[in-house]
Every structure is written in structure tokens, then in C-alpha cells.
2 protein chains.
Amino acid sequence: MRYSKIRNMEEFAAVSGISRPTVSKYFNDPGSVRASTRARIEASLKKYDYQPNVFAMNQNRRTTKNIGIVVPNLADPFFSEIARRVELACIDAGYSPILASSHGSPEMERENLLSLRSLKPAGVLLAPFGRMSDEDAVKDISHDFPLVLFDANIGDVGQAFVGTDNAQSVDMMVEYLCRSGEPPCFFEMKSPSNPNANKRRQAYLDSMQRHGREPSIFQADGEGWHFEEIGKTEGGRLLSSKAFSTNTVLCSNDRLAIGMLSAAYGLGLRVGHTEGCDIRVAGHDDHPFSKFTCPPLTTIAQDYEAIANRAFNDLFEMLEQGERLSERTETTFEGRLVMRDSA
Amino acid sequence: MRYSKIRNMEEFAAVSGISRPTVSKYFNDPGSVRASTRARIEASLKKYDYQPNVFAMNQNRRTTKNIGIVVPNLADPFFSEIARRVELACIDAGYSPILASSHGSPEMERENLLSLRSLKPAGVLLAPFGRMSDEDAVKDISHDFPLVLFDANIGDVGQAFVGTDNAQSVDMMVEYLCRSGEPPCFFEMKSPSNPNANKRRQAYLDSMQRHGREPSIFQADGEGWHFEEIGKTEGGRLLSSKAFSTNTVLCSNDRLAIGMLSAAYGLGLRVGHTEGCDIRVAGHDDHPFSKFTCPPLTTIAQDYEAIANRAFNDLFEMLEQGERLSERTETTFEGRLVMRDSA
DNA sequence: CCTAAATATTTACGCGCGCAAATTTTTAAT
DNA sequence: ATTAAAAATTTGCGCGCGTAAATATTTAGG
């Protein structure tokens with residue numbers, strides 16, 4: 001049963017029989033008031049319909065409970081999935097995530113970081129574009145707020161980085177592919193919009209060398225974020241012209257692979273590792289739809305959960321102790337080989 | 001070149017040689033000040049690094065420039081795509097979109113709406129769960145803020161609804177399928193989490209009757225948002241047991257269809273409308289990945305752009321004239337038949 | 001029961017800006 | 001040039017809460 005609406009903290013404190021500063025303390029950190037007081041306030045909260053005014057709260061506060069989350073493109077399921085988990089981690093810890101997508105545009109990443117400033121975030125979790133990012137904007141943010149990068153790293157910006165160990169994951173895939181059939185060619189974008197692509201290419205080269213195989217890289221023209229389209233068009237071209245030097249293609253990411261699978265299907269090629277198949281295709285990331293491609297895509301699963309939680313925890317530590325980490329940390333999690341039918 | 005940092009509007013007004021209230025007016029609406037004054041302010045903005053404090057701005061304001069956008073699940077590419085366009089429409093018009101995903105949980109939709117309150121949004125754009133939504137929470141929001149529903153409608157809640165004309169779109173698809181081959185069975189979730197599913201089922205029934213065909217509906221068990229998984233499991237079961245009464249299946253949405261295509265592939269069934277194919281599969285929504293399924297999915301394209309723009313415009317009109325629409329409007333856009341290879 | 005520590009209250013100021021009313025200045029129209 | 005309208009300025013209050021210091025009260029430990 002809701003009584004008459006409470007208009008501000010003063011009124012709420014009055015009807016609760018508690019002083020306003022104590023109520024203020026409660027909202028700032030419920031654990032900071034005596035258990036009996038906490039109980040009275042919470043009983044009152046059930047009875048009366050009140051929540052503090054966010055703007056007034058944050059207006060005159062040293063540090064807010066806001067955490068900015070900026071990702072390059074929420075239309076990419078990889079980012080929507082990882083952003084989702086980061087968001088939940090923030091909420092669980094009592095923070096207010098402010099999610100912003102840069103819609104594939106580094107320029108908007110800059111704007112997002114700028115407008116984040118005015119929200120005085122306690123900290124920022126950023127999955128940057130990488131080289132395409134406006135490094136000054138990122139450094140500026142990092143100067144004024146605790147910053148943790150995830151997914152993609154930029155030099156020594158921010159206080160921590162969390163991502164996947166591309167060297168390990170690609171090596172594992174190359175090892176598997178070499179062991180189970182012909183060594184893989186590598187298929188990627190010519191101008192990748194993400195630094196992981198470069199790491200994966202290098203990892204491929206290193207791994208092939210270790211296995212004593214001849215590397216063979218194919219780069220697709222095309223700009224933007226329509227990876228499936230590019231994978232289909234350019235991959236299809238390569239497939240139909242029999243340009244690949246082996247019957248196995250490792251794609252730089254699942255979205256390219258999905259496009260390539262589509263192209264292969266269109267060309268009547270049978271994809272898979274069983275007898276009678278024409279080609280093997282593998283990807284990287286374990287994109288949410290990779291399980292449902294035809295055939296299901298063999299890929300590397302990134303540990304979304306671990307990355308999201310670790311990124312948040314790295315930030316959380318700084319918030320708790322009220323200072324930057326003494327040393328920049330870089331954490332990478334291992335990828336997991338997900339064997340399906342495509343390779 | 002940036003001079004010393006400005007601390008507040010007072011200081012900025014001083015260095016600009018303009019009074020604070022006028023500067024305030026400018027930030028509230030640049031068009032409300034004389035062109036010459038505007039030019040001086042903007043020159044000053046280039047010179048000095050200042051942006052008004054968001055919290056102070058909104059704290060004592062009748063109405064903010066915030067627009068709340070709430071969608072059921074950003075992990076679903078349909079919603080991430082439409083949310084993206086709504087966001088951009090807001091930004092273009094000078095508003096600040098606040099995007100919130102309910103992560104598939106009606107309970108979180110309620111929480112999102114509650115916490116939106118405290119941001120005093122100028123208006124709210126909501127793609128509700130439908131029957132699963134907490135109707136009281138939605139009505140409460142609608143009582144205090146202009147509200148436009150999109151994608152899914154709820155009775156007469158809010159001041160406007162914008163979506164797709166399911167009756168038209170499904171009829172068009174049924175007509176096409178009947179004309180080009182065997183009449184379609186209908187495949188859907190038993191307990192759909194979205195009111196559009198019910199409309200589509202009804203549209204299917206009506207349309208089949210109009211065409212003098214016997215309708216045949218198959219409902220998949222399963223809860224939650226893993227539509228592909230459900231489509232694959234349950235669809236696969238139906239396919240392998242030859243339960244479908246015709247060789248054509250119309251799925252309630254593309255995600256189910258994607259799962260079913262995956263199941264068909266696994267069973268070695270050939271999907272398509274050409275000779276030698278075993279089954280035709282069609283979907284609804286033109287999901288971003290439907291173009292890359294194997295075979296590419298024949299489906300109905302919703303007009304994302306039109307829906308997003310119209311939803312925003314309906315809200316914008318209310319904001320402009322400062323009052324609710326005199327009458328609740330419902331706008332539906334026609335779907336577009338996208339013929340690919342699957343049906 | 002006494003004492004010290006922990007917690008709550010009282011009092012008071014200020015954050016940065018919105019907003020309104022009265023006044024002055026600028027602009028546009030006659 | 002005169003006048004009315006439009007825009008800018010001055011003045012000043014208040015939003016709702018954070019926060020700090022001094023004081024009072026409660027709690028825990030012996």
C-alpha cells in the first residue's frame with residue numbers, strides 16, 4: 001500500500017523518524033548505517049514511494065555510482081553479448097551502468113567519451129576501436145577517471161586491459177586444423193577495424209611456422225562493419241576461383257566465416273571435415289549464431305563471462321581503494337576450441 | 001587552442017561577455033537567442049573548454065532533453081537494430097537517448113522503467129514485452145511522461161503505437177507461398193514472449209481461410225529467448241518425424257527459421273523452392289543474418305527505419321507542442337516480401 | 001554501572017544551474 | 001527619427017541533496 005508520494009529526502013526522513021543526513025548516508029552506502037537504522041529505513045521505503053533525485057544526488061558529489069560502458073557497435077552480437085555481461089556485473093555490484101554504442105564510428109566513440117565526462121562516472125569500461133580510436137580522447141578520459149579497456153588493447157592507455165589471448169587461441173586452432181587435415185589458409189579483412197585482427201594474423205603466421213607449414217593469407221577488400229557481406233562476396237570470389245591453396249580456411253572472426261559459409265553453400269560446395277566435403281572453414285569468437293550455421297561452425301570461444309567480470313573487477317578494485325592501480329595490468333583469457341562440423 | 005578550464009556557466013558567461021541567463025537559454029535551445037549572440041557564444045565555445053554540468057542542468061528543470069528507450073533484449077539483433085535507429089533519430093533531433101535493455105526479463109523492464117523515472121525523461125520510447133510487461137509500471141510511466149510504444153502494442157497504453165502490420169505481412173507471405181507451391185504450415189513457440197506472435201498466428205489462420213486452405217499450426221515447447229535453439233530442437237523433431245502436413249513451413253520469426261534451417265541441414269534435407277528440394281522454409285522480420293543462412297531465408301522485411309523514425313516523431317510532436325496527443329494513434333507499416341532461396 | 005567507541009542528530013553551507021520578474025538595450029518597422 | 005517589439009541583462013530565489021563540524025545519543029566491553 002503506497003501512501004502519499006514523498007517529494008524529497010527531507011520529507012522521507014521526517015516520516016521515517018530519521019535525520020536526513022543519516023538517510024543520505026544510507027542511500028550512499030546502506031552498510032554504513034547501523035543495522036537497526038537500516039531496517040527502519042527499509043521498512044519506510046516499503047511503505048512510502050521514494051527514491052532520491054539522481055540529479056541532485058550527483059550534482060554535488062565527489063564521485064558518482066555511474067559506470068560508463070562504451071562499445072564499438074552494439075549491432076555486432078559479439079559486443080552486445082559482452083556488453084550485456086558487463087552491464088549485469090555493474091548492476092550486481094550496485095553501480096549504474098551507462099551503456100553507449102559507437103555505432104561503428106570512431107568519431108562517435110569520441111563523442112561518447114566526451115558526453116560521458118559530464119556524467120562524472122566513477123569509472124569507465126571501454127572496448128576501443130584500437131588504432132582508429134581517438135587516442136587523445138581516450139587518454140583524456142583515462143586522466144580524469146579510472147579506465148579499464150577490454151576486448152581491444154591500446155598501448156599503455158588506461159589502468160588495465162582484459163581480453164583474449166589471441167596467440168594461444170589461434171595457435172590451438174591451427175594446431176587442430178593441421179593435425180586433422182590440410183593446414184589452414186588465413187582469411188581476413190584487408191583493413192581490419194580492430195587490433196585483434198592483427199594479433200590473429202601474426203599468431204597464424206607464428207603458429208604455421210612452428211608447425212613447419214607454409215602460411216597463406218587472403219585479404220578481403222571492403223570497409224565498414226558488414227563482415228558477413230564481405231565474407232560472402234570476397235570469400236565467394238576466392239572459393240569459386242579456387243584461389244585457396246589448401247582445402248582449409250581459418251577466418252579472422254566468425255562473422256567473416258558466416259559469410260564464407262553462405263558463399264560456399266551458394267556455390268554448392270560441401271563444407272566440413274567428413275569424407276566428400278570440399279572445404280573446411282573455421283572461425284574465431286563463438287558468435288551467438290555460429291552454433292546454427294550450416295554446417296555449425298568450428299570456432300574459438302572467447303570466455304565472455306570471464307572477460308566481463310574481470311574487466312569490471314579491475315575497475316571495482318580501483319573504486320574501492322579510491323586510487324589507480326599501482327601498475328597497469330593486462331589479463332588475457334584462453335580461448336576454448338569449439339569443435340563443430342565445419343572443420 | 002584551449003585556455004584555462006572553465007568551471008561553471010558563470011565563468012563561461014563572463015569570459016564570453018554575455019550574461020549567464022542568456023548562455024543558459026542558448027544551451028537550452030540555441031535557436032532562442034539572437035544570431036549574433038549565438039555566434040559569440042559559439043566562438044567562445046571553440047576557445048574555451050566548457051560544457052554545462054548535466055546534473056545541475058536537469059536538477060531544477062521542468063523537462064529534460066533525455067529520452068528513455070527501453071527494449072526487451074539487446075542480444076536480439078532485431079532489437080539492437082531498431083534501437084540503434086531510434087537512438088540516432090533522437091540524437092539527430094538534439095535529444096539524449098538513454099538506452100536500456102531488459103535482458104529478456106519483464107521484471108527488469110519494470111526496473112528499467114522505474115529507474116527511468118528518476119532521470120526525468122522528456123519522453124519514453126518503449127518496445128514492451130506485451131502481456132508479460134508489468135502493465136501498472138507502464139501505465140505509471142505513461143501517466144507521468146509522454147510514451148510511445150513500438151514493435152509490440154499493449155491495449156490503449158501510451159499515446160501512440162508504431163509497428164508492422166502483421167495481418168498484411170503474413171497474408172502477403174501466405175499468398176506467395178500458396179501461389180508458388182504447397183500451402184504453408186505455421187511454426188511458432190507455444191508460449192510466445194511477444195504479442196506479435198499471436199497476431200501472426202491469427203493472420204495466418206485468416207489468410208489460409210481466405211485462400212481456402214486448411215491451416216496447420218505447430219507449436220514448439222520451450223521458454224526464454226533462445227529461439228534458434230528451440231527452432232532447431234523442436235523444428236528438427238518435427239522434420240525428422242515428418243510431422244509437417246505440407247512441404248512448406250512459415251516460421252513466426254526469423255530466429256525460429258534460422259534454427260529450423262540448421263536442423264534441416266543436419267538432417268540432410270534440402271531447403272528451397274527449386275526442383276529436388278525437400279522443404280520450403282520462410283520467416284518473418286528480415287533478421288540481419290537471414291541474408292546469410294543456408295539457403296538465404298525468404299522472409300518479410302520490417303521497415304526498421306520507418307518504424308524508428310515514426311516512433312520518434314510521434315514522441316517529438318508531443319514534446320514540441322508540450323502536450324499529449326489528443327487521440328491515441330496506431331501506425332503500422334507494411335512488410336516487404338524478401339524472396340531468397342529458402343522458399 | 002561506567003567508559004570509550006560507534007553512530008545519529010543538528011545546523012548550516014554550497015553545488016551549478018533553471019527560472020521568473022523587472023529593467024535595459026537592441027532590432028525592426030513605420 | 002519614432003515607436004513597438006524582440007532580445008539581453010540584472011537580480012535573486014530555490015531545487016534536492018552532499019558534506020562537514022559540533023553535539024548528542026546509543027552501543028559494546030569490561
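This report describes a predicted model of two protein chains, A and B, with DNA strands C and D.

## Overall form of chain A

Chain A has 343 residues, of which 48% count as buried. Its secondary structure comprises twelve helices and twelve strands. Taken along the principal axes, the box filled by the C-alpha atoms of chain A is roughly 80 × 45 × 30 Å.

Among the contacts in chain A with a separation of 6 or more, 71% are between residues 24 or more positions apart.

## Parallel strands in chain A

Strand β1 (residues 66-71) of chain A is joined to β2(A) by six bridges, and the two strands run parallel. Within this pairing, I69(A) stands opposite L99(A) of β2(A). Between the two strands the chain passes through helix α5 (residues 77-92) of chain A, forming a right-handed β-α-β crossover. Strand β2 (residues 96-101) of chain A has five of its six residues buried, and it is therefore largely enclosed by the rest of the structure.

β1(A) also pairs with β3(A), again in the parallel sense, over four bridges. Here G68(A) is the residue opposite V124(A) of β3(A). Strand β3 (residues 123-126) of chain A is covered on both faces: G123(A) and L125(A) are buried on one side, and V124(A) and L126(A) are buried on the other. Three bridges connect β3(A) with strand β4 (residues 147-150) of chain A, and these two strands run parallel. V124(A), which faces G68(A), also stands opposite L147(A) in β4(A). The connection from β3(A) to β4(A) goes through helix α7 (residues 135-144) of chain A, and this β-α-β crossover is right-handed.

## Nonpolar cores

The largest nonpolar core contains 82 residues, and L125(A) and L125(B) touch the most other members. Apart from neighbours within four places in sequence, the contacts of L125(A) include I67(A), G68(A) and I69(A), together with V86(A), V148(A) and F150(A). A311(A), F312(A) and L315(A) are also in contact with L125(A). L125(A) is itself one of the buried residues of strand β3 of chain A.

A second, separate core has 74 residues, among them V170(A), V174(A), C185(A) and L297(A). As general background, nonpolar side chains tend to be buried together in soluble globular proteins.

## Contact between the two chains

In the contact between the chains, 28 residues of chain B meet 28 residues of chain A. On the side of chain B that touches chain A, the elements giving two or more residues are α4 (54-59), α5 (77-92), α10 (227-240) and α11 (254-266) of chain B. By class, the residues on this side of chain B are 15 nonpolar, nine polar and four charged.

C294(B) offers a local view of contacts between the chains. This residue lies in the loop between β9 (280-282) and β10 (299-301) of chain B. C294(B) counts as buried because 23 C-beta neighbours lie inside 10 Å, where the cut-off for a buried residue is 20 or more. Leaving aside neighbours within four places in sequence, C294(B) is in contact with L261(A), S262(A), Y265(A) and C294(A), and also with L261(B) and Y265(B). V281(B) is 13 residues from C294(B) in sequence, and their C-alpha atoms are 11 Å apart in space.

## Surfaces near the DNA strands

DNA strand C is surrounded by 26 residues, the closest being R34(A), T37(A), N8(B), M9(B) and S24(B). At least two residues of this surface come from each of α2 of chain A and α1 (9-16), α2 and α4 of chain B. The element that gives the most is α2(B), with four residues. The surface near DNA strand C is made up of nine nonpolar, twelve polar and five charged residues.

Around DNA strand D there are 26 residues, and N8(A), M9(A), S24(A), T22(B) and R34(B) come nearest. The elements supplying at least two residues each are α1 (9-16), α2 (20-28) and α4 (54-59) of chain A, together with α2 (20-28) of chain B. α2(A) provides the largest share of the surface near DNA strand D, four residues. This surface has nine nonpolar, twelve polar and five charged residues.

Methods
Residues are numbered from 1 along each chain as its sequence is written. Chains are lettered from A and ligands numbered from 1 in the order in which they are written. This is a predicted model: local features need pLDDT of at least 70, side-chain atom pairs count only at pLDDT 80 or more; totals for chains, interfaces and linings use all residues. A residue is near a molecule or strand if its C-beta atom, placed from the backbone, lies within 6 Å of it. Ala, Val, Leu, Ile, Met, Phe, Trp, Tyr, Cys and Pro count as nonpolar, Asp, Glu, Lys and Arg as charged, and the others, Gly among them, as polar. Two residues are in contact if their C-beta atoms, placed from the backbone, lie within 7 Å. A nonpolar core is a set of buried Ala, Val, Leu, Ile, Met, Phe, Trp, Tyr and Cys residues joined through C-beta atoms within 7 Å. A residue is buried if 20 or more other C-beta atoms lie within 10 Å of its own, exposed if 12 or fewer, and partly exposed in between; C-beta atoms are placed from the backbone. Two strands pair if DSSP finds at least two bridges between them. A crossover is right-handed if, with the strands pointing away from the viewer, the path from the first strand over the helix to the second runs clockwise.
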